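Here are my notes on the interior of this one. Have a look at the model first, then go through the points below.

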Amino acid sequence: MCDYDVLVVGSANADLVIDVERRPAAGETVLGGDLAVHPGGKGANQAVAAARLGATTALLARVGDDGHGRLLLDSLRSAGVDTAGVLVGGAPTGVALITVDPEGDNSIVVSPGANARLTPVDIRAAGSLFHASRVVSAQLEIPLETVVEVVRNLSPDSRFVLNPSPPRPLPWEVLAACDPLIVNEHEARVILGDTCVSEEPEDWAKLLLAKGPRSVVVTLGAEGALVCDSSGVTRVASVKVDAVDTTGAGDAFTAALGWKLGAGASPAEAAGYAARVGAAAVTKRGAQESYPTAEEVDAL
């Protein structure tokens, strides 16, 4: 029996958020609202989102020995995330600089900080966490060689979920472990590179599957998502809501999808549930603060 439904390996950042009337063009300065500081980072976001939904969750990450690091640890623990795998020190906590426009769309620049110091050695030292976890979820705000080491340390019974963000070309060893690989349009285009010969998301999903993953999920925002595996492509409908802030919504989707797959749901069922979780998340400000409980998702 697994001790954890979900083990997240990834980043933990402080999100520094400013509301703007419009995002600046190159060389332009615009005035914004007051600065807000929120706990974030794709890894910490996924861990909090999964825990809020009721999954037994652990996080393997690195933060700095500073105020931002303490903010993150407090947020994780209050959500019920096991932080025994969160290492402290080595560099300042990572920071994400985020601007949010009136439509809720955002632009993000990340300074990795301590996230860049999460090494393959740290992964090997945490072997007991991997063997105790049903689903292992990762992103690319930590070094790629660390993600490769995650794949090499998976338990034979674990399912590996990857959201390759920020996107970059991936080695076959990582792609072959993904079940699923979760991408948005931009990430799909980067990973496909010259093989992205179509404008149809269904074709992206099939082309990505041919690169080695066991399954692929393409998120399409208001258009829902596509699930692709050896049985074909299934479209999953979106949930219509009034978006306030899209920050961290993709992390909530990924966490919910991985948890439901680990619990035995079909890919289409898991993606449908994840779409509702993501929709609930965009109706509130911030990332981790916006994540719903299972009861709130059921109500939606």
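How many cavities of 30 Å³ or more does a search of the whole structure find?

1. Two turn up. A cavity here is a set of points on a 1 Å grid over the protein atoms alone where a 1.4 Å probe fits but cannot get out, and lining residues have an atom within 4 Å of a point. Points are joined across faces, edges and corners, and volume is the space filled by probe spheres set on them. Before you read on: this is a predicted model, with local features needing pLDDT of at least 70 and side-chain atom pairs pLDDT 80 or more, while totals for chains, interfaces and linings use all residues. Residues are numbered from 1 along each chain as its sequence is written, and side-chain values use heavy atoms, with hydrogens and water left out.

2. The largest cavity has a volume of about 50 Å³. Its lining includes R159, P180, V217, L257 and P267. β11 (216–219) and α9 (249–262) each supply at least two lining residues; helices (H or I, at least four residues) and strands (E, at least two) are DSSP runs, numbered from the N terminus.

3. The second largest cavity holds about 40 Å³ of space. Here α9 gives the most to the lining, with three residues, and T254, A255 and G258 are among the lining residues. β1 (4–9), α1 (42–53) and β8 (133–139) also supply at least two each.

4. Now the packing. The largest nonpolar core (buried Ala, Val, Leu, Ile, Met, Phe, Trp, Tyr and Cys joined through side-chain atoms within 4.5 Å) has 45 residues, and L257 and Y273 are among those with the most contacts inside it. Elements that each supply at least two of its residues include α9, α10 (267–281) and β4 (57–63). Apart from it lies another core, of 42 residues, including L129 and F160.

5. L257 is worth a click: leaving aside neighbours within four places in sequence, L257 is in contact (heavy atoms within 4.5 Å) with P180, I182, V217, P267, A270, A271 and A274.

6. The search finds one aromatic pair. W259 and Y273 sit edge-to-face, 6.4 Å centre to centre and 65 degrees between the planes. Ring centres must lie within 6.5 Å, using the six-membered ring of Trp; planes under 30 degrees apart count as stacked, over 60 as edge-to-face, the rest as tilted. The pair links α9 to α10, 14 residues apart.

7. Are those two rings' residues buried or exposed? W259 counts as buried at 15% relative accessibility, and Y273 is buried at 6%. The cut-offs are under 20% relative accessible area for buried, over 50% for exposed and partly exposed in between (1.4 Å probe, protein chains only).

Methods:
1 Å grid on protein atoms, 1.4 Å probe; cavity = no way out; pocket = protein on both sides within 12 Å on 5 of 7 lines; lining within 4 Å.
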